[in-house]
Structures are given as structure tokens and as C-alpha cells.
Amino acid sequence: MRLVQLTVPTGKRETILETLDDREIDYVVTDETGSREYTAVIYFPLPDAAVEPVLDELQEAGVDEDAYTVVVDAETVVSRRFEALREEYEEGDVGSDRISRQELQAEADDLTPSFPVYVVMTVISAVVATAGLLLDSPAVVVGSMVIAPLIGPALGASVGTVIDDEELFIESITYQILGVVVAIGAAAIFAVLVRSMNIVPPGLVLSSVGEISERLAPDLLSLAIALGAGIAGVVSIATGTSVALVGVMIAAALIPPAGVAGITLAWGQPTAAIGATVLVLVNLLSVNLAGLLTLWYAGYRPENLFQMGETEQRVRHRIVGLIVIVLIFAVFLGGITYASYEAGNFEQDARDEVETVLTDGQYENYELLEFEVVMDDNYPFRNPERVVVTIGGPPDESAPELADILHERINDHTDQSVSVEIRYVQILKR
């Protein structure tokens, strides 16, 4: 429910009151003596779904942007006519649950902080995320998402497009591009300082850190996260519900990958940064695409009907452009996913071969203790490089031919040559 406070321009009082009476809207009128431009102030309650059509009709009656309008939340409205309005406008779908176009624009503006604050908060969140990634601490990484100021620009571009506010669109796109650059740059600088001061072990292998390795070679599931974040963000802002948790979800799709990209650059591994950078870009584009589609589906349109055709064409072009770019990145992520799938199949096949060989009669005294497939460092498309097999057997016995057999059998399952390392462990049984 909303309470609308509307100033009445000189000469428009009767027209506005007739409009409200025709709509059977309860209102209170107070005379205005502080300005010659306005003769009165009208207060009237409206259901959420009625705010936009009523304000549009009042604008047609002569209430332009020079006459300010304030829309605030109303906790309770006791009125039979209000209940009739609710039944008329609320249909139980997304369109009737959403806030007005005017409120949406105000929400998008409010969610985007000033430029200095945006830069500072982005730097802080990127530094905290980098620290959490190097510490392999999920809790610290989540903390960095909470303070990231990304939800406003991420959704503002979609809002600006559907309501034909090019200034909001350009500002949001600028903030998003700047945010990605600042986040990666801040993460890289902080990681260089951490490494130069030996705060982390000098020989730290990035692929051995869980929070980092999972973002060095992202897969298609990352795309689902970004699309879900975009849809949830728009639904939250459009229905006037809390966007705090959704903001964390959007930050989860952007800040940690940006931190990983900065860390890999600081470690002098630019090729390893490819996967994380692509993940940042595809997530950013997916959030914008999901937001744009959801807003248009929810029924947001420009206030001027003559702008409908032009805006609809612009929306269509931007949606098609985003889909094409996202699909290109999705093919890249699909390649990584397929490579991971092939590596998983190879590991299972190689393990099966080792177990099959050890069930042979001549090797019945040996047992498989550990099995490990070591991947190469060619990110993001990693391939098996070495297989380490730890075998336990009786003391004073050896099977040198076993290494050749396992090497041949394991390499039958890959197109590339994979070295096989056999480690023997003596097992004493008493």
C-alpha cells in the first residue's frame, strides 16, 4: 500500500479531483499558502498496482514533473473504497505485485551510491575478497560480498532501458565497467603487496587453494548463478522487497572471480586469469540480460506512449546483443565443462584399469592404497599430466613390470601421453 502526496498546480485542481472521483479514490485536500504556483496538496492511498496508472492519468491531466509527487509506504488503510481499488488492480500476478515505474526509477537511483563511495566500497570489497581467497576462507569471501555496492549499477542499466532513461542506463554501464576494472586492479595490487611481504608462503600454488581453483576453470553452472541473481534482483526491486540478500548474490557472481583474476595477475600467470576474467564478464552480462528480460516481462514501459516503439526496438536490440555475447562466453564455459568432464572420465577409467590389473593372479598380493591424477597448469582447459599410483605389497617383493603394464593400460584412455608414477609401500601383517 502507498500513500501519495501530490501538489496541485494552479488551475488544475478541479481536473485532478474529478480524476480521483472517477476512480473512486478517497482523498484529503489541504490548501497551500506557501507558493503561488500550487493551490493545494492532495493525499490519497493506493494499492501498489494502482500507483502507476493513476499517476499516469494525473500527468495527462496536467500534473507534470514540476509539481512534485511523494509516494511513501502505508502500513494500514481502513476504507471500503480502498478495498474495491485493491480488487480492481491486484490480479495476483507479477504485474500487479510490482511497484510503479516512478518508484522503480527512484529505487534504481537510490541503490547506486555516489562515485567516490562506489569506488571506495568496491576497492574494500575486492581487498577483503582477495584476503579471503588467499586464506581459503569462505566466511571472509562471503563478507566481501556483503559490502560490495554492485546491485545498483547491475540493475540500473536494465531499468534505464525499459523506462527510456538513457542517462540512468549510461551511468549504470559506466559504473559496471569501472567496478570490474577497479575490483581486478585492487585485487592485483593487494596480492602483489601480500606476496612481496611474504605474508603468504613464497611457494604457494594457486591451484592448491580451493576457493581459488574453483574459479580458475569455471563451468556452465556459473551462468545459472548469474542469471538467477539477475532475475532475483529485479523481482526484489520491482516488488519493493528487501534487496540486501540479492545484492550479496550478485556480488557473489562478480567479486570473488575478480579477486581471483587479480591474484593470478599478481602471481605472474596471465593465462590463468583468463577463466576468472571470462567468469566476471559472463556473469555481469547475464545479470543485465536477466534483469532486462524480467523487467519487460513485468510490464515496465516508458511513460510516453509515443516512445513505446523506439524503446521496444532498443530493448530488442540490447537483448539480442546480450544473448549473442553471453552465448559466445557460454561456448567458452562449455569447453571448460567438457574438458572437466573428460578429465573425470579419464580418472575413473584409469582407476578401474589399476584395480583390474591388481586383481590378476600374479599381483594378488598387492593392493591399491591411493590413486591421484595430477592436472597440468594450462588454465582454463586443464588436462591430465601425471598419474600417481600408491600400491601396497609384501616386503622383499617387487614387480617392476607392473609399472609398464599400468602405463600402457592407463594411456589407452587418453589421446595425450600421461606419465605414470608407481609408489610401492611395504605392508607388514602380523
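Biologist: Which residues form the negative surface patch, and which element gives the most to it?
Modeller: In this predicted model, the negative patch on the surface is made up of E107, D109, D110, E167 and E171. Two elements give two or more residues to this patch: α9 (166–196) and α5 (101–111). With 3 residues, the element that gives the most is α5.

Biologist: Let's stay with D109: is it buried, partly exposed or exposed?
Modeller: D109 has its place in helix α5. Its relative accessible area is 38%. Buried would need under 20% and exposed over 50%, so D109, at 38%, is partly exposed.

Biologist: Now the nonpolar side. Which residues form the nonpolar patch on the surface, and about how much accessible area do they have together?
Modeller: Happy to list them: L3, V28, Y43, Y68, V70 and V72 form this patch. One of them, V70, is found in strand β4 (residues 69–73). Patch residues need over 30% relative accessible area, and V70 is partly exposed with 32%. Together, the patch residues have an accessible area of about 470 Å².

Biologist: And inside, which helix gives the largest share of the largest nonpolar core?
Modeller: That core has 72 residues, and those touching the most other members are L134, I212, I250, I263, W267 and Y300. The largest share is 11 residues, and it comes from residues 273–297, helix α13.

Biologist: How many residues are in the second, separate core?
Modeller: Among its members are V8, L17, V54 and L58. Members of a core are buried, with under 20% relative accessible area. The second core is separate, and its size is 20 residues.

Key: Residues numbered from 1 in each chain as written. Predicted model: local features only at pLDDT ≥ 70, side-chain atom pairs only at ≥ 80, totals over all residues. Heavy atoms only, no water. Patch = residues over 30% accessible without salt bridge, like charges linked within 9 Å, V, L, I, M, F, W, Y side chains within 5 Å. Areas by Shrake-Rupley, 256 points an atom, 1.4 Å probe, with all protein chains shown as cover. Salt bridge = Lys/Arg side-chain N within 4 Å of Asp/Glu carboxyl O. Lys, Arg positive; Asp, Glu negative; His and termini not counted. Charge placed at Lys NZ, Arg CZ, Asp CG, Glu CD. Helix = DSSP H or I, 4+ residues; strand = E, 2+ residues; numbered from the N terminus. Buried < 20%, exposed > 50% of the residue type's maximum accessible area, 1.4 Å probe, protein only. Core = buried A, V, L, I, M, F, W, Y, C linked by side-chain atoms within 4.5 Å.
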